[in-house]
Amino acid sequence: MEVKGYICRKKKWGKRGFFLKMVLVSAILCLGICFADILSYQVAATAMAATKNRITCSVKKGTLTISGKGALTSKVRVADKKKIKKIIVKKGITSLPVRAFSGYKNVKEIEISASVRKIGEGALPDSKVLKKVTIPGAFQYVEKRYTDYYPNSIIPDPDTRVETICFNTQLSLETLRLVKSDQLVVSQKDRKYKSIHGVIYSKDGKSLVRVPAYRKSLTVEEGCEEFCTQAIEYGKQQGYVDNELNEVLICSDLKKIVLPDSIRTVNEKKYELYPSLPTKVGEVITSGRLGSDPITMILHRFPEIRQEDFLKQFSDVSEENGMYIHHPEHCLVRYAGNAEEVAVPHGITKIGNYSFCGCKIKRIRLPDSVTDIGDGAFSNAVSLTDVPIPDTVRNMGHSVFASCDKLQAVRLPDGLCEVPDHTFSSCSSLEEARLPDSVVTIGAYAFEHTKVPPSILFQGNIKTIKNRAFEDVDWEECVIPETVETVQEGAFWSISRLKKVTFCGSVEKIHEDAFDGLSKMGGDNQKMVYVYKAGIRGWRTDTNLEAVSSSWVRFDWRKIEGVDGWQIQVSRDKAFRKEKKTFHVKKEKTSMRIRNKKKSVKYIRIRPYQITGGKRVYGMWCWEKV
């Protein structure tokens with residue numbers, strides 16, 4: 001009976017007993033694995049490769065090694081992070097997540113393989129003793145999602161001051177916005193750059209490219225010929241999402257610069273990624289052999305240096321009535337006086353870059369000996385009202401009169417071929433600018449935010465009008481002369497009162513968004529009309545997508561005086577060969593709503609037509625991508 005009873009119990013509990021045994025075995029195995037990990041400091045299985053291969057993590061003698069293939073998808077965890085002194089991410093790993101090595105407080109060195117293409121925000125160890133970092137020279141930066149603050153850095157702790165950062169692939173200057181250190185070492189195989197004493201130069205060593213963030217003083221290497229100010233003026237965006245992001249200067253500690261005898265030029269634009277940021281450099285030491293252009297650029301780019309102390313280094317520069325003159329080049333390099341009226345002495349041939357920038361002067365008299373006026377020479381002189389320019393001037397730089405609020409009238413010299421970029425930008429009182437017949441080009445932003453009349457387009461022999469040349473001028477009508485051949489995008493940007501534009505010649509090289517801007521197709525500007533003097537075949541309107549949904553596409557267009565109607569085509573095909581639909585609408589129409597069932601509308605185009613001899617004669621197509 002006992003045997004039978006046993007048999008009965010086995011039959012009754014057989015399946016359940018087997019299940020309990022499996023659970024018990026699994027639990028023992030899990031405990032065994034965890035215990036083994038604790039003893040050998042093995043890493044928990046925290047990531048899987050994009051392929052079938054598992055990413056493995058191991059620890060040996062304080063070095064954490066991550067190997068395998070694919071992306072590391074989550075933070076790396078070990079039993080005791082305090083014992084990790086070095087981290088190696090081996091070839092095959094393609095991505096590191098946000099805060100990948102958070103909590104590794106004692107790491108002194110990290111090596112990240114060149115195979116890594118993505119690195120998350122704050123991915124490096126948050127260790128204050130981190131001394132050396134080796135990373136790819138270019139990678140995609142991945143920001144933390146759902147955060148209210150953007151530090152734009154792969155270094156998680158702002159108190160972490162890395163001594164040396166080495167790049168094992170071709171360097172992208174964008175990468176230097178994401179890291180800070182005292183030494184920057186590029187790869188020996190880098191095609192563009194090289195490092196000398198932790199500072200980045202061009203491959204031939206003739207241009208200064210980037211200075212490490214933590215440098216307090218900089219001695220430029222002998223042999224460098226071009227001091228590029230972007231090397232210390234580069235920055236990044238940082239701040240809270242709810243507020244405006246701020247531009248933050250990277251080299252905020254740099255106070256002193258020593259330039260060698262080999263320096264020949266100072267370049268403010270080369271290697272520029274973002275608008276230049278003002279530095280805190282207060283002392284620039286030179287050999288006293290710089291030319292006038294480098295002198296003026298240093299004075300302009302580093303406003304915190306003491307001008308008199310800097311200029312005393314040059315034996316060939318003397319001061320006269322507040323004017324500092326570089327005698328070898330007969331150049332006025334800086335005015336430091338307080339007079340309301342200044343007469344530049346005869347014999348000066350060049351007004352240096354930014355030489356009167358920011359002065360409170362009202363009137364400037366230039367002698368007939370002047371032939372060149374440098375960049376921004378009179379910019380931000382907010383009290384300036386009168387500067388007669390002699391006809392001997394043949395060259396003018398950009399931004400010469402920018403932001404001269406009280407300047408009302410200027411006559412440009414005969415022989416000048418171009419009104420350079422930003423020449424009169426933000427001269428809010430400028431009502432008259434007389435252009436010589438020799439002018440053929442109006443530069444970008446040349447007359448933005450001024451009061452010049454539209455008749456200025458008929459001065460000179462204008463052929464090219466560059467972008468934003470007449471942004472936000474107060475015009476109601478505008479006539480584009482027949483001489484004009486090219487008008488760039490946004491040349492007449494955001495002219496809110498503009499009601500009528502007349503084209504006297506060909507519009508083939510006039511950008512279809514030449515009159516684009518904030519007021520495009522909005523409010524009163526929808527009443528704006530184009531008038532063409534040439535035949536219908538050269539007519540073209542301008543379009544704007546107002547709304548796009550899964551059911552409808554709504555767009556509108558500019559009126560054209562004299563049209564008899566409009567032809568509109570929509571298609572999924574850019575070449576309008578497949579699934580094309582054609583509509584004809586009346587001349588009074590300026591907008592249309594088209595059914596977009598199953599997103600069938602990808603491209604829209606419209607052209608005007610006139611009926612001549614009973615036939616439709618069409619103008620030019622204007623395109624819009626949905």
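What follows is a conversation about a predicted model of a protein.

Visitor: What makes residues 1-13 a stretch to treat with caution?
Guide: The pLDDT stays under 50 over residues 1-13, and pLDDT is the predictor's confidence on a range from 0 to 100. The model also has 0 contacts beyond four places in sequence for this stretch. Where pLDDT is low, the predicted coordinates should not be read in detail.

Visitor: How many contacts does the stretch 518-525 have beyond near neighbours in sequence?
Guide: The model has 24 such contacts for residues 518-525, although the pLDDT there is below 50. For the protein as a whole, the average pLDDT is 88, and 88% of the residues score at least 70.

Visitor: Why is Ser187 called buried?
Guide: Buried means under 20% relative accessible area. Ser187 has 16%, so Ser187 is buried. Its place is in the loop between strand 12 (181-185) and strand 13 (193-196). Leaving aside neighbours within four places in sequence, Ser187 is in contact with Phe167, Asn168 and Thr169.

Visitor: How do you know that Glu268 and Arg301 form a salt bridge?
Guide: The definition asks for a side-chain nitrogen of Lys or Arg within 4 Å of a carboxyl oxygen of Asp or Glu. The closest N and O atoms of Glu268 and Arg301 are 2.6 Å apart, and the pair forms a salt bridge. The pair links distant parts of the chain, 33 residues apart. Glu268 is in the loop between strand 21 (265-267) and strand 22 (283-285), and Arg301 is in helix 3 (residues 292-301).

Visitor: Are these two residues buried or exposed?
Guide: The cut-off for buried is under 20%. Glu268 has a relative accessible area of 9%, so Glu268 is buried. Arg301 has 13%, so Arg301 also counts as buried.

Visitor: What makes helix 3 mostly covered?
Guide: In helix 3, 8 of its 10 residues are buried. Among them are Pro294, Ile295, Met297, Leu299 and Arg301.

Visitor: Which parts of the chain does the salt bridge between Glu341 and Arg363 tie together?
Guide: Glu341 lies in strand 26 (residues 341-343) and Arg363 in strand 28 (residues 363-365), so the pair ties together parts that are 22 residues apart in sequence. The closest N and O atoms of Glu341 and Arg363 are 3.1 Å apart, and the limit is 4 Å.

Visitor: Why are Glu341 and Arg363 called partly exposed?
Guide: Partly exposed is the class between buried, under 20%, and exposed, over 50%. Glu341 has a relative accessible area of 41%, so Glu341 is partly exposed. Arg363 has 28%, so Arg363 is partly exposed.

Visitor: How do you know that Asp474 forms a salt bridge with Arg497?
Guide: The closest N and O atoms of this pair are 3.0 Å apart, set against a limit of 4 Å. Asp474 and Arg497 are 23 residues apart, each in a loop. Salt bridges that share partners also join Glu233, Glu268 and Arg301 into one network. A search of the whole structure finds 22 salt bridges.

Visitor: How do you know that strand 34 and strand 35 pair?
Guide: Pairing needs at least two bridges. Strand 34 (residues 441-442) and strand 35 (residues 464-465) are joined by 2 bridges and run parallel. Ile442 has Ile465 in strand 35 as its bridge partner.

Visitor: What makes strand 32 and strand 37 edge strands?
Guide: The open sheet has 4 strands in the order 32-34-35-37, with parallel pairing. Strand 32 (418-419) and strand 37 (486-487) each have a single partner strand, so one side of each is left without a neighbour in the sheet.

Methods. Residues numbered from 1 in each chain as written. Predicted model: local features only at pLDDT ≥ 70, side-chain atom pairs only at ≥ 80, totals over all residues. Heavy atoms only, no water. Contact = heavy atoms within 4.5 Å. Buried < 20%, exposed > 50% of the residue type's maximum accessible area, 1.4 Å probe, protein only.
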